[in-house]
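Thanks for making time this morning. I would like to walk you through one structure, starting with the ligand and then turning to two of the helices, so please bring it up on your screens.

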Amino acid sequence: MNILVTGGAGFIGSHVVRLFVGQYPNYHIFNLDALTYAGNLENLKDIESQPNYSFIKGDITDEVFINQLFAKHTFEKVIHLAAESHVDRSITDPLAFVKTNVIGTMILLNAFKNTWKDNFSNKLFYHISTDEVYGTLGQTGLFTETTSYDPNSPYSASKASSDHFVRAYGETYGMPYVITNCSNNYGQNQFPEKLIPLFINNIINNKPLPVYGDGNYTRDWLYVKDHAVAIDLVFHQGKLGETYNIGGFNEWKNIDLVKLLCKQMDEKLGRKKGASEKLITYVKDRPGHDLRYAIDASKINRELGWKPSVTFEEGLNKTIDWYLDNEEWLRHVTSGEYQKYYQKQYD
Ligand code: NAD
Ligand code: TYD
């Protein structure tokens, strides 16, 4: 079976590709990625010569190219992760998010539909999405699969739009699909623009830790390898036409999370207790900042038996160790363009 994974050189995608290549020798995994600033083939060095793996450099917004690719490989199943994924970047350049997340998804949907419209049996378009499409919660409550969409950032609006198109192709053309909406991921290989890897990198380099607003924003955090396992389960056992929420049952206020991170980093770096906390700097808030995300992941737990395998403390510990052991990876991704981005965003 030929499976197309888009965005496989990114953070979550690389964990999904590795899991599928290792677990399913009968599948051929084609990793299509444009290698934007967030895509990095170093993430997949260990599996790049596996016989059931191929990398294709290409852009999902290039319609001619995507149509040719589907004609050549007739992908029976697609796991679509490619996206612009960082909220702050969506605030400065919303159109880039519409292009990749909405138009790119449309181009893939059309290519998939046109390839299989006469026989959709045993085919699947699996769309990876986020809990941010639901907007924000107050101090209580959880997002369920029936919570209304209410996105607040250009990123979440673009993901919500792509989710709607996937669903609409299911209703209109009978296209077989599943969608999963997951909470914040953390773990190895995450680009250091998102909270946890950014702060790990800044602590290593004794740089300020820029906490937005008062730091009392809440996110649910899931270890990336647990997300990849959930994707494997939904891919094989998810009901067509359904959506599943995926979460870590693990809510943290940003400021509490940052303090835990500082504590673990001080211990690992042999610094004095409290040294890293001194780097915390409250900065101007993110516009339209969602107060709280929290996921009710009981459906995937009940129907597919999935639950996270590691506690947050364990996952964070493994994550920090990985960044400390992979300073070269960190150095590569934080050179050049990253410096410009950082200056624009934080200085
Ligand atoms: P990422 O930014 O680390 O990786 C995105 C990948 O997509 C990169 O490899 C990039 O090169 C590629 N890409 C971007 N534009 C492309 C294009 N036009 N054509 C082809 N490839 C392109 O993102 P991530 O954090 O791994 O997220 C992956 C998916 O999971 C996204 O759809 C995101 O919305 C979703 N998601 C992420 C999180 C999270 O916490 N990171 C949570 C829930 C859902
Ligand atoms: P982020 O990792 O960007 O994920 P998302 O916005 O998709 O939830 O941010 C997680 C939380 O951390 C969010 O409330 C914003 C906050 N944050 C900061 O306080 N400072 C930062 O420099 C960044 C990047 C995020």
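By class, the shell of residues around ligand 1 divides into 13 nonpolar, 12 polar and 4 charged residues, and I should say at once that what you are looking at is a predicted model. The shell holds 29 residues, and the closest to ligand 1 are I12, D33, S85, Y155 and K159.

Where in the fold do these residues come from? At least two residues of the shell are supplied by each of helix 1, strand 5 (124-130), helix 5 (154-173) and strand 7, and the largest share, 3 residues, is that of strand 5.

Let me turn to individual polar contacts with the ligand. A polar side-chain atom of D59 lies 2.8 Å from a nitrogen atom of ligand 1, while a backbone N or O atom of L35 is found 3.5 Å from an oxygen atom of ligand 1. N185 also takes part through its backbone, with an N or O atom 2.8 Å from an oxygen atom of the ligand. As for cover, ligand 1 on its own has 840 Å² of accessible area, and the protein covers 96% of that.

Now to helix 1, which we have already met in the shell around the ligand. Helix 1 covers residues 11-23, and its 13 residues reach 19 Å from the first C-alpha to the last, close to the 18 Å expected at 1.5 Å a residue. Is this helix largely enclosed or largely open? Helix 1 is largely enclosed by the rest of the structure, because 10 of its 13 residues are buried. Among those buried residues are F11, I12, G13 and F20, and the buried residues of the helix pack against several elements, including strand 1 (2-6), strand 2 (28-33), strand 7 (184-186) and helix 7 (224-237).

The other helix I want to show is helix 8, residues 254-269, whose 16 residues reach 22 Å between the first and last C-alpha, close to the 22 Å expected at 1.5 Å a residue. Its buried residues include N254, I255, Q264 and D266, as well as L257, L260 and L261. What do they pack against? The partners of the buried residues of helix 8 include helix 6 (195-204), strand 9 (218-223), strand 12 (280-283) and helix 10 (312-325). Finally, if you follow the chain just past the end of helix 8, you arrive at G270, which takes a positive phi of about 65°.

Technical notes:
Residues are numbered from 1 along each chain as its sequence is written. Chains are lettered from A and ligands numbered from 1 in the order in which they are written. This is a predicted model: local features need pLDDT of at least 70, side-chain atom pairs count only at pLDDT 80 or more; totals for chains, interfaces and linings use all residues. Side-chain values use heavy atoms; hydrogens and water are left out. Helices (H or I, at least four residues) and strands (E, at least two) are DSSP runs, numbered from the N terminus. The expected span of a helix is 1.5 Å times one less than its number of residues. Buried means under 20% relative accessible area, exposed over 50%, partly exposed in between (1.4 Å probe, protein chains only). Contact means heavy atoms within 4.5 Å. A residue is near a molecule or strand if one of its heavy atoms lies within 4 Å of it. A polar contact is a pair of N or O atoms within 3.5 Å; within protein, one must be able to donate a hydrogen and the other to accept it, and residues adjacent in sequence count only if both atoms are side-chain atoms. Accessible areas come from the Shrake-Rupley method with a 1.4 Å probe; for residues, only the protein chains shown count as cover. Ala, Val, Leu, Ile, Met, Phe, Trp, Tyr, Cys and Pro count as nonpolar, Asp, Glu, Lys and Arg as charged, and the others, Gly among them, as polar.
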